[in-house]
Amino acid sequence: MFKSYKYRIYPNKQQEELIQKTFGCVRFVYNQTLSYKRDKYEKENINVSGYDCKKYMVNSLKNEYEWLRGVDKWALDNAVLDMDNAFQNFFNKLCDFPRFKKKNFSRKSYTTNCIYRENKVPSIEACSKYNKIKLPKLKWIKAKISREFDGKIKLVTVSQTPSGKYFVSILVEEEQKELPKAEKSVGVDLGIKDLVITSDGEKFDNLKLIKKYETKLAKEQRKLAHKQKGSKNREKQRIRVAKIHERIANARNDYLHKISRKLINENQVIVSEDLSVSNMVKNPNLAKTISDCGWYELTRQLQYKADWYSRTYVKIGRFVPSSQMCHVCGYQNKETKDLSVRKWTCPQCGTEHDRDINAAINILHEGLKQIA
């Protein structure tokens, strides 16, 4: 099983210069091989393979641009591989046509491989005792190793956030550790007033982080708009804005991880709705609120954590009328299409329903039917 561990690193000035140089070289190789592959197809109708693009990079680009030899070779190889994968995804209709990478793009990263040679130490190591990580070309870098891992390192991605912080993400191959089998099953209803409502009646509040920070964010963004482009003051202000966005994202991810971990630990089967978030955010009145909830990220975490710990995660169809059906007798009350109806009484069996808890119970029943 492959797991990724992310740590913050603190490079010195020389290491930071080399990291920035590697970012630039990776971007340059990606753009040059993309242009080469595109021109070959448009002018000569030849579909150049990823292997041929790598040969072009080694035989042509490295000979013409000597400064490409001063960075990690595996980072350049992976840049070519990423470009070829982008083309494959385009041909498989999974994404749009690959675009050139811009110099001032906020996301900067490169990926390198861990090489295991005979009778030699691996090219990448992590030392939790001294809080250091060894990377190719960079040697030992000061890091904050918050979690230890026991496995074989495969890949490492070095990245820089818009606020200027550096991180490494280490992909490790390790043995799967299953959690003790749980006896419970739970249905999960995703909402706006309460972020998560379970079939057990437990509710998790919606933190509404964008609303919490929007006044401060708007103030800093106005200041940024008044700064002269290219000035140092504008760069300082850009970092202030980026730090607010980063604080919102970190708080949201931390909260979602706590919810998903709790659900996975306590339940053997977890069932949720398959929501079409991309269509829901087209509503201009709810777009910001829905985006702030992070429903997709929560379901993504539930999926991979269920795979890790041998749990069963099921998504039911998005057109199941979970909010309208009485979970006791099955009566369908179409009046609950009005979102202002939070509680209702079933006219057939007389059961009083909390709208969200009733929906979560119906989601659980539908998921158990699918499993059966």
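What follows is a chat between a biologist and a modeller about a predicted model.

Biologist: Let's start broad. How many helices and strands are there in the protein?

Modeller: Nine helices and 14 strands. This is a predicted model, mind you. The C-alpha atoms fill a box of roughly 80 × 55 × 55 Å along the principal axes, and buried residues make up 40% of the 372 residues. Of the contacts between residues at least 6 apart in sequence, 65% join residues at least 24 apart.

Biologist: On to the helices. Why is helix 1 called roughly perpendicular to helix 2?

Modeller: The axes of helix 1 and helix 2 cross at roughly 115° and come within 10 Å. The class takes in angles of 65 to 115 degrees, and that makes helix 1 roughly perpendicular to helix 2. The crossing itself is right-handed.

Biologist: Which residues of helix 1 and helix 2 meet there?

Modeller: Val-29, Gln-32, Thr-33, Tyr-36 and Lys-37 come from helix 1, and they meet Cys-53, Tyr-56, Met-57 and Leu-61 of helix 2. Sorted by class, that contact has six nonpolar, two polar and one charged residues.

Biologist: And what makes helix 2 oblique to helix 3?

Modeller: Helix 2 (residues 50-64) packs against helix 3 (residues 73-91) at about 135°, with the axes 9 Å apart. Roughly perpendicular stops at 115 degrees and roughly antiparallel needs over 145. The angle of about 135° fits neither class, and that makes helix 2 oblique to helix 3. This crossing, too, is described as right-handed.

Biologist: What is the contact of helix 2 with helix 3 made of?

Modeller: Helix 2 brings Gly-50, Cys-53, Lys-54, Met-57 and Lys-62, while helix 3 brings Lys-73, Leu-76, Asp-77, Val-80, Met-83 and Asp-84. By class, you get five nonpolar, one polar and five charged residues.

Biologist: Let me pick a single residue. How do you know whether Gln-15 is buried or exposed?

Modeller: Gln-15, which is found in helix 1, has 10% relative accessibility. The cut-off for buried is under 20%, so Gln-15 counts as buried. Leaving aside neighbours within four places in sequence, Gln-15 is in contact with Leu-138, Trp-140 and Ile-141.

Biologist: Where does helix 1 lie relative to the strands?

Modeller: Helix 1 (residues 13-44) lies across strand 2, strand 5, strand 6 and strand 7, running at about 90° to strand 2. Those strands belong to an open antiparallel sheet of seven, in the order 2-6-7-1-5-4-3.

Biologist: What makes strand 2 and strand 3 the edge strands?

Modeller: Each of them pairs on one side only. From one strand to the next, the twist in this sheet averages 35°.

Biologist: How do you know that strand 3 and strand 4 pair?

Modeller: Count the bridges: strand 3 and strand 4 share three, in the antiparallel sense. Pairing takes at least two, so three bridges are enough. Cys-127, for one, stands opposite Lys-132 in strand 4.

Biologist: Now the other sheet. Why is one side of strand 10 and of strand 12 left without a neighbour?

Modeller: This open sheet of five strands runs 10-9-8-11-12, with mixed pairing. Strand 10 and strand 12 stand at its edges with a single partner strand each, so one side of each has no neighbour in the sheet. The twist here averages 20° from one strand to the next.

Biologist: What makes the pairing mixed?

Modeller: Look at strand 8. With strand 9 it pairs in the antiparallel sense over three bridges, and Val-188 has Thr-198 of strand 9 as its bridge partner. With strand 11, strand 8 runs parallel, joined by four bridges, one pair being Gly-187 and Val-271. Strand 11 and strand 12 are parallel too, over five bridges, and Glu-273 partners Ile-316 there.

Biologist: Why call strand 11 largely enclosed?

Modeller: Five of the five residues of strand 11 (residues 269-273) are buried, so it is largely enclosed by the rest of the structure. Val-269, Val-271 and Glu-273 point one way, Ile-270 and Ser-272 the other, and all are buried.

How values were computed. Residues are numbered from 1 along each chain as its sequence is written. This is a predicted model: local features need pLDDT of at least 70, side-chain atom pairs count only at pLDDT 80 or more; totals for chains, interfaces and linings use all residues. Side-chain values use heavy atoms; hydrogens and water are left out. Axes are lines fitted to C-alpha atoms, for helices over the stretch in contact, and angles run from 0 to 180 degrees between N-to-C directions. Helices (H or I, at least four residues) and strands (E, at least two) are DSSP runs, numbered from the N terminus. Angles under 35 degrees count as roughly parallel, over 145 as roughly antiparallel, 65 to 115 as roughly perpendicular and the rest as oblique. A crossing is left-handed if the near helix is turned anticlockwise from the far one by less than a right angle, and right-handed if clockwise. Contact means heavy atoms within 4.5 Å. Ala, Val, Leu, Ile, Met, Phe, Trp, Tyr, Cys and Pro count as nonpolar, Asp, Glu, Lys and Arg as charged, and the others, Gly among them, as polar. Buried means under 20% relative accessible area, exposed over 50%, partly exposed in between (1.4 Å probe, protein chains only).
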